[in-house]
Amino acid sequence: MNTSSHGLRAVKVIAIAVNDMARATHFYSEVLALEPAMEKGQLRGYRLGELVLMLKDEWYGTPTSEPNPRITIECDHAPDTEAYLRTRSVTISDPVTVVEEGYLVGSFLDSEGNKFWFCSANG
């Protein structure tokens, strides 16, 4: 892993707002089948590679389909990811398209309405 001259290495945690913790927990653990991220015996979120998606209810933010910043998740093959998400009845907010940089990019909404993008190389 590359480290910048001032020590920054990678995004470790992304916290996202949720309205219904039980529904969101079901979405991330059962629908997306992500591995739980445990710390001191407590669930802290869900693993996505080295990243942890932390779910926050009763937070200052609210779920949104117009995120700032935009979060894009790398996947093996975006069309396959879209197809899988559709079999799980996940809302595809932007079907996969080819962008000029040669990537396949799409987006989905989680159970709370938060928008996540996903992408893969086109080829």
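**Exercise 1. Place Ala37 in the predicted model: is Ala37 buried or exposed, and what does Ala37 touch?**

Solution.
- Step 1. Ala37 has a relative accessible area of 3%. Buried means under 20%, so Ala37 is buried. The model used here is predicted.
- Step 2. Find the element. Ala37 sits in strand S2, residues 35–39.
- Step 3. List the contacts, leaving out residues up to four places away in sequence. Ala37 touches Gln42, Leu43, Arg44, Gly45, Tyr46, Arg47 and Val52.
- Step 4. Check a distance. From Ala37 to Lys56 the separation is 19 residues in sequence and 14 Å in space, C-alpha to C-alpha.

**Exercise 2. Analyse helix H1. Which of its residues are buried, and how do they fall around the axis?**

Solution.
- Step 1. H1 spans residues 21–31. Its buried residues include Ala24, Phe27, Tyr28 and Val31.
- Step 2. Look down the axis of H1. The buried residues fall within an arc of 115°, so they line one face of the helix.
- Step 3. Ask what covers them. The cover includes strands S1 (13–17), S3 (42–48), S4 (51–56), S7 (103–109) and S8 (115–121), along with helix H2 (78–87).
- Step 4. Inspect the N-terminal end. Asp20 caps H1 there, with a side-chain oxygen 3.2 Å from the backbone nitrogen of Ala22.
- Step 5. Inspect what follows. Ala33 comes after H1 and has a positive phi, near 55°.

**Exercise 3. Describe the largest nonpolar core. How many residues does it have, and which have the most contacts inside it?**

Solution.
- Step 1. The core has 25 residues. Tyr28, Phe108 and Phe116 have the most contacts inside it.
- Step 2. Trace the contributors. S1, H1, S4, H2, strand S6 (91–99), S7 and S8 each give two or more residues to this core.
- Step 3. Find the largest share. H1 supplies it, with four residues.
- Step 4. Follow Phe108 outward, again leaving out residues up to four places away in sequence. Among the residues it touches are Phe27, Leu32, Leu85, Val90, Ile92, Phe116 and Phe118. Polar side chains also appear on the list, including Thr91, Ser93, Asn114 and Lys115.

**Exercise 4. Examine strand S8. How many of its residues are buried, and in which sense does S8 pair with S5 and run beside S7?**

Solution.
- Step 1. Six of the seven residues of S8 are buried, so S8 is largely enclosed by the rest of the structure.
- Step 2. Take S5. S5 and S8 pair in the parallel sense over three bridges. Thr72 has Trp117 of S8 as its bridge partner.
- Step 3. Take S7. S7 and S8 run antiparallel and are joined by seven bridges. Leu104 stands opposite Ser120 in S8.
- Step 4. Look at the turn. The hairpin of S7 and S8 has five residues between the strands, and Gly113 takes a positive phi near 100° there.

**Exercise 5. Review the positive phi values of Ala33 and Glu58. Where does each residue lie?**

Solution.
- Step 1. Set the expectation. Most residues other than glycine have a negative phi.
- Step 2. Ala33 is not a glycine, yet its phi is positive, about 55°. Ala33 lies in the loop between H1 and S2.
- Step 3. Glu58 is likewise a residue other than glycine, with a positive phi near 50°. Glu58 is in the loop between S4 and strand S5 (72–74).
- Step 4. Check the exposure of Glu58. Its relative accessible area is 81%, and Glu58 is exposed.

Methods: Residues numbered from 1 in each chain as written. Predicted model: local features only at pLDDT ≥ 70, side-chain atom pairs only at ≥ 80, totals over all residues. Heavy atoms only, no water. Buried < 20%, exposed > 50% of the residue type's maximum accessible area, 1.4 Å probe, protein only. Arc of directions from axis to C-beta. Contact = heavy atoms within 4.5 Å. Polar contact = N/O pair within 3.5 Å; in protein donor to acceptor, adjacent residues only side chain to side chain. Core = buried A, V, L, I, M, F, W, Y, C linked by side-chain atoms within 4.5 Å. Pairing = 2+ DSSP bridges.
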